[in-house]
Structures are given as C-alpha cells and as structure tokens.
Amino acid sequence: MRAAGVNDSGHVRSFAARRGRVSPLTRERIAEYFPRHEIPQGPLVPVEAFGREAPVVLEIGCGHGAAALAYAEEHPDHDLLAVDVFTPALARMLAAADRRGVTNLWLHQGDAVALLRDRVAPSTFAAVHLFFPDPWPKAKHAKRRFVSAYTLDLLASRLVPGGHLLVATDHALYAAHARDVLAAHPRFVVTEGERPPWRPTDGFEAKGLAAGRSITEFRATLAD
C-alpha cells in the first residue's frame, strides 16, 4: 500500500488535511465569492483566467489571506493567486477582499505542488511567496517540509527568469533547513534578512513574535 501523502511523482504532501463542519456563513461566502475568484479547471492561462496581461504572483498556504490581501492592495497591477486547502480561511479571505475592494486576488483550493506540476506552464510566475509554512519539526516528518530539492526544481521551472521566491519562518529548525536546501540549489541566488514592507504582522508571525521567536526571511532569485 502506498504511504499516505505520497503521490505518483514521489512528492510527499507538505500539509495536513483539515476537516470540520462548514458553517452557514462559510457556505454563503463560498456561493458568493468562489465563482468570481476561483481559477478555472485545466491548464492555467493567466490572460484568460485573470482577464489581462500582468505579472502573476503565487502565494502557497495563504491561510486567512492577510499577506495575500496586503500584496494585492499594494500591487494593483499584479494578479495574486492564493492557494490553500482550508475552505473557511479562503472564504474569509475573499469576504475581506470584497469589503476592501480588492479585485486582483484569485484562489485555488488544493495542493500547490499538484497545481504547479500539472496545470502551470514554465515561466508563469513573477514571484512565489511561502510565509510560515508548517515546520514539521519532528525528524520523522522532515520529509514533509515544503522547501525541498523537488519543490525548488519545480518552482525554478515555473518562475520567469529573474523571478524570486520569498520564504519566511519563525521556526529556527525550519530556517536552518531552508537555508541549507536553498544554498544547495544551483538555480537560485539567496539573500537573507529582508522583510517585505507590505506584509502585515498577522497570524503566525504575530504569534511567533509574541512567543519571543525571531523571524527569518529568505529571498531566492532565479538566476538568468
């Protein structure tokens, strides 16, 4: 029997499935906002999905969308595709986008790796954001960490030349892991320590700071 979380490519799923009751409010938000913001099935063709030619940025694991919303507001000339598996969080993000008049925020509910592997053409994204991913701190779970040689190869192929990957974590073990894996990848030039000024201090970042943990930031730029 195939181990849980492993797909046919050999990639190990980096997120834990979250199941639970969907509230009436979430159902209302799904009905109202998902049809307007969810990308269509099949291969992603940005000009068709978003209705214009513009730089496209991918956020992996957007959660309730604080960073995604902030980026979309700060960069109205870009399209931000937010990916997560947790339905209530996506519904809440889109409700906030509607209140704030954000029209360049889009969503995909599902596994970001499957999306990148199966539906995204090479040289699609201007940037990819990975903020506070699950650190999977136990040694037996280390293979589940999103930053890996496999995913970096995939991201390198889907970024435009000169595009970049931003990673932030409040977990020292994950920071050390990401530092080593990023440094070993031949396609990226890595700098450390620059926090994007548009990102709000919300969610896991706020919790990490309140607990006295430091935030580690990486910027990995795809070499031409």
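**A buried histidine and the fold around it**

At 16% relative accessibility, His164 counts as buried (buried is under 20% relative accessible area, exposed is over 50%, and partly exposed is in between, with a 1.4 Å probe and protein chains only). The model is a predicted one, where local features need pLDDT of at least 70, side-chain atom pairs count only at pLDDT 80 or more, and totals for chains, interfaces and linings use all residues. Residues are numbered from 1 along each chain as its sequence is written, and side-chain values use heavy atoms, with hydrogens and water left out.

His164 sits in strand β5, residues 159–169 (helices are DSSP runs of H or I with at least four residues, strands are runs of E with at least two, and both are numbered from the N terminus). Leaving aside residues up to four places away in sequence, His164 touches Ala126, Ala127 and Val128, then Leu159, and also Arg219, Ala220 and Thr221 (a contact means heavy atoms within 4.5 Å). Val160 belongs to strand β5 too, but with a relative accessible area of 24% Val160 is partly exposed. With the same sequence exclusion of up to four places, Val160 touches Ser123, Thr124, Phe125, Ala126 and Leu222. Glu59 is 101 residues away from Val160 along the chain, and the two C-alpha atoms are separated by 15 Å.

Zooming out, the protein chain carries 8 helices and 7 strands. Its radius of gyration is 17 Å, close to the 17 Å that the globule rule gives for 224 residues, so the chain is as compact as a globular protein of that length (the radius is taken over C-alpha atoms, and the rule is 2.2 Å times the number of residues to the power 0.38). The C-alpha trace spans about 45 × 45 × 40 Å along its principal axes. Of the 224 residues, 47% are buried. Taking contacts between residues at least 6 apart in sequence, 79% join residues at least 24 apart. The accessible surface adds up to about 11100 Å², with 53% of it belonging to carbon and sulfur atoms (areas come from the Shrake-Rupley method with a 1.4 Å probe, and for residues only the protein chains shown count as cover). As for charge, there are 27 positive and 25 negative side chains, and the centres of the two sets lie 9 Å apart (Lys and Arg count as positive, Asp and Glu as negative, with His and the chain ends not counted; the charge is placed at NZ of Lys, CZ of Arg, CG of Asp or CD of Glu).

On the aromatic side, the structure holds 3 ring pairs (rings of Phe, Tyr and Trp, the last by its six-membered ring, pair if their centres lie within 6.5 Å; planes under 30 degrees apart are stacked, over 60 edge-to-face, and the rest tilted). For Phe50 and Trp106 the ring centres are 5.2 Å apart and the planes are at 35°, so this pair is tilted. Phe50 lies in helix α2 (residues 46–50) and Trp106 in strand β3 (residues 105–109), so the pair ties together parts that are 56 residues apart in sequence. Phe50 is buried at 8% relative accessibility, and Trp106 is buried at 12%. Tyr71 and Trp198 make an edge-to-face pair, 4.9 Å centre to centre with 80° between the planes. Here too distant parts of the chain are linked: Tyr71 is in helix α3 (residues 66–74), while Trp198 is in the loop between β6 (188–192) and α8 (203–210), 127 residues apart. Both Tyr71 and Trp198 are buried, and ring pairs join Tyr71, Phe131 and Trp198 into a cluster.

Helix α3 has further buried company for Tyr71, namely Ala67, Ala68, Leu69, Ala70 and Ala72. The cover over the buried residues of α3 includes β1 (56–60), β2 (79–84), α4 (87–100), β3 and β4. Glu74 is also in helix α3, yet at 53% relative accessibility Glu74 counts as exposed. Between Glu74 and Arg199, 125 residues apart in sequence, the C-alpha to C-alpha distance is 9.6 Å.

Two backbone oddities round things off. Ser123, not a glycine, has a positive phi near 55°, and Ser123 is in the loop between α5 (112–119) and β4 (125–131). Its relative accessibility of 42% makes Ser123 partly exposed. Phe132 likewise has a positive phi of about 55° without being a glycine. Phe132 is in the loop between β4 and α6 (149–158) and is buried, with a relative accessible area of 12%.
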